[in-house]
Amino acid sequence: MAAFGAAVRALLAAARARSPPLGHRPPRAPCSASAAARGAAMEPAPRWLAGLRFDNRALRALPVETPPPGPEGAPSSPRPVPGACFSRVRPAPLRQPRLVALSEPALALLGLGAPPADAAAREAREAEAALFFSGNALLPGAEPAAHCYCGHQFGQFAGQLGDGAAMYLGEVCTAAGERWELQLKGAGPTPFSRQADGRKVLRSSIREFLCSEAMFHLGIPTTRAGACVTSQSTVVRDVFYDGNPKYEKCTVVLRIASTFLRFGSFEIFKSADEHTGREGPSVGRNDIRVQMLDYVISTFYPEIQAAHAEDRVQRNAAFFREVTRRTARMVAEWQCVGFCHGVLNTDNMSIVGLTIDYGPFGFLDRYDPDHVCNASDNAGRYAYSKQPEVCKWNLQKLVEALEPELPRERGEAILAEEFDPEFRQHYLQKMRRKLGLVHAELDEDGALVAKLLETMHLTGADFTNTFYLLSSFPVGPESLGLPEFLAALTAQCASLEELKLAFRPQMDPRQLSMMLMLAQSNPQLFALIGTRANVTKELERVEQHSRLEQLSPAELLSKNRGHWADWLQEYRTRLEKDREGVSDKDAWQAEHTRVMHANNPKYVLRNYIAQNAIEAAENGDFSEVRRVLKLLETPYHRDGEATEVPEATEPEGAGGADSGGHSYSSKPPLWAAELCVT
């Protein structure tokens, strides 16, 4: 650590001696020799990162705002940014940046090699990562800029939003011919920061870093995260918006994607909204909309550009059709692993079909289709079961944003034609693989899946572990026997204690009584307050909690066994149909097991796993972040590995940050249900 600290101090000293002032604007042509020479004169020279070659096409193809002169026109001054897609900015330095973790698979996309075996070389590499990936120094050719976009947030048009805490660094071209946009999230204020400080903290940054990589290794389209760097700089955050703020460490995540453009990028042209009165900063600038479509389609959908070069409307229709299909497939993948995004606003929807912007996300523990992972989403707009419909709603807003370059009626027809069939087909196909149905596709499969989810809901079964366990269902000679399997399966169902915790009333009984009286005496006022849905849910909780009070653990177990025995009988019948006509039963069994292992993860980033890593990191120990990252790189069963039956609960002692040696494939501890993410 002494060598690491010395390397950091040396690099920081070089940065302070050679860095330009914060108002400096980097050159427009970073890939030219003269530009590279100018960059080298201003910044400390990288060694490990020296091979990164920037070619910042987006800034050449799209309009970039030049900040107005004078003290009021500093690059970070909050302001409307009309007539531009980007505004030039500069990362704000952090005190004593320190590397939390690197994702080697993500950095390999950039052509960066594996870590060296030599400890001193590794420490120098980490020091360089801390310096450049914190934003304290710029790589030669980087041109920091913040992207301007708008968005519909929780169904309402919010006007200009933009990169309030993220900065485009540039686009790295690799020897393999790939192009990757680099972004620093949490690098300081931009024109889009509004009243905020442009910073992210350790807690949220670790969650984004880990989940970006977890989703990739699950096989879900996503942006990537290459590095997480924290510091001694602090900001004040009121974590739960309850009047108890605290100081937290500023942290930056290096994000990597083909592009971070989003649906909201096209909403900057929106005229005044009929509900909110807000408008985009570039109303009437259809010329920029045309530029954006030309750039996006030629760069990220070149096959569509080539096929429709002579007909812009046809080209734009084909582009929207493909965005619709990708979005439908993406959300189908989410549903199949129990992923909840939490903030599915139009500004958080990728124009190339990637999962983007990891905030108050969550993976299902106990299966509940109405699960809301974002504690700020009081109306449940972005509940797990509503995600497909919300994505479709967001695509409708994209249709409106593309007009007149894509006639609205044409776009709406494409949306109606493509989204639902693409979602259903991809979802059912994925669910068939999760159930190991490898030989025949039957019409009844949709009903089998629906009945499975209903059974999981009735029994409070753990989503991830239930699917993982099904690969051990006794259809072959080496699988568990049926009684043992049923016992293992019911052990993954919610205990009486868990259910009482989940359904405990949220309102004071006197408050609920007052609301019910108001509903009877003054229904108009009650409707105006807009709490009908909340009161209905509260009444359901009270009723369910009352029933649970009358139930014994033995009675609950008996009911759960009955529910699962019924569904397993249907499943066994369906598996027998899948084997019909197969001459080699052993080959069918091997393929059945292989497909299930490849589609049912053993590990997902549950909130409590992230929380363990966060608590350790907040105490200066980053080893748990790195351990969890390695675990999430291989979420599926590996060939030759024995099928492990998940434990009913996490071992005692796993509730703290020191969770080394404990299995994260077991059912979450009871305290996990108490975690609140906003």
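Is Asp357 buried or exposed? In this predicted model, Asp357 has a relative accessibility of 12%, and because that value is under 20%, the residue counts as buried. Asp357 is situated in the loop that runs between strand 14 (339–340) and strand 15 (362–363), and its backbone has a positive phi, near 65°, in a residue other than glycine. The side chain of Asp357 also takes part in a network of salt bridges, in which it is linked with Lys185, Glu208, Arg255 and Arg262.

A positive phi is likewise found at Phe154, which is not a glycine and for which the angle is about 50°. Phe154 belongs to the loop between strand 6 (150–153) and strand 7 (156–160), and with a relative accessible area of 34% this residue is classed as partly exposed. A further backbone feature concerns the peptide bond leading from Glu403 to Pro404, which is cis, with omega near 10°; Pro404 is placed in the loop between helix 10 (387–402) and helix 11.

Salt bridges number 45 in the structure. One of them joins the side chains of Asp55 and Arg60, with a nitrogen-to-oxygen distance of 2.7 Å. The two partners of this bridge fall into separate accessibility classes: Asp55, at 15% relative accessibility, counts as buried, whereas Arg60, with a relative accessible area of 48%, is partly exposed. A second bridge is formed by Asp197 and Arg237, whose closest N and O atoms are 2.9 Å apart. This pair connects distant parts of the chain, given that Asp197 lies in the loop between strand 9 (179–185) and strand 10 (200–201) while Arg237 lies in strand 12 (residues 234–237), a separation of 40 residues. Asp197 has a relative accessible area of 29% and is therefore partly exposed.

Another salt bridge is made by the side chains of Lys270 and Asp273, for which the N to O distance is 3.5 Å. Here Asp273 is buried, with a relative accessible area of 10%, and Lys270 is partly exposed, with a relative accessible area of 23%. Lys270 has an aromatic contact in addition to this bridge, since the residue lies over the face of Phe157 at 5.4 Å from the ring centre. A comparable arrangement involves Arg262, one of the members of the salt-bridge network that includes Asp357: the charged end of Arg262 sits over the ring of Tyr149, 4.6 Å from the centre of that ring.

Contacts between aromatic rings were also examined. A pair of aromatic rings is described by the distance of the centres and the angle of the planes. The count of aromatic pairs comes to 21. Among them, the rings of Tyr295 and Phe300 have centres 5.7 Å apart and planes at 85°, and because this angle is over 60 degrees the pair is edge-to-face. Tyr295 counts as buried at 6% relative accessibility, and Phe300 also counts as buried, at 15%. Phe423 and Tyr427, by contrast, form a stacked aromatic pair, with 5.6 Å from centre to centre and 15° between the planes. Both of these residues belong to helix 11 (residues 408–434), where they are four residues apart, about one turn of the helix, and both Phe423 and Tyr427 are buried. Elsewhere, one aromatic cluster is formed by Trp334, Phe339, Tyr358, Phe361 and Phe363.

The interior was finally searched for enclosed space. Rolling a probe the size of a water molecule over the atoms shows where empty space is left. A search of the whole structure yields three cavities of 30 Å³ or more, and the second largest of these has a volume of about 40 Å³. The lining of the second largest cavity consists of Phe86, His147, Asp163, Glu181, Gln183, Thr259, Phe260 and Leu261. By residue class, this lining divides into three nonpolar, three polar and two charged residues.

Terms used:
Residues numbered from 1 in each chain as written. Predicted model: local features only at pLDDT ≥ 70, side-chain atom pairs only at ≥ 80, totals over all residues. Heavy atoms only, no water. Salt bridge = Lys/Arg side-chain N within 4 Å of Asp/Glu carboxyl O. Buried < 20%, exposed > 50% of the residue type's maximum accessible area, 1.4 Å probe, protein only. Helix = DSSP H or I, 4+ residues; strand = E, 2+ residues; numbered from the N terminus. 1 Å grid on protein atoms, 1.4 Å probe; cavity = no way out; pocket = protein on both sides within 12 Å on 5 of 7 lines; lining within 4 Å. Points joined across faces, edges and corners; volume = space filled by probe spheres on them. Nonpolar A, V, L, I, M, F, W, Y, C, P; charged D, E, K, R; others polar. Phe/Tyr/Trp six-rings, centres within 6.5 Å; stacked < 30°, edge-to-face > 60°. Lys NZ or Arg CZ within 6 Å of the ring centre and 35° of its normal.
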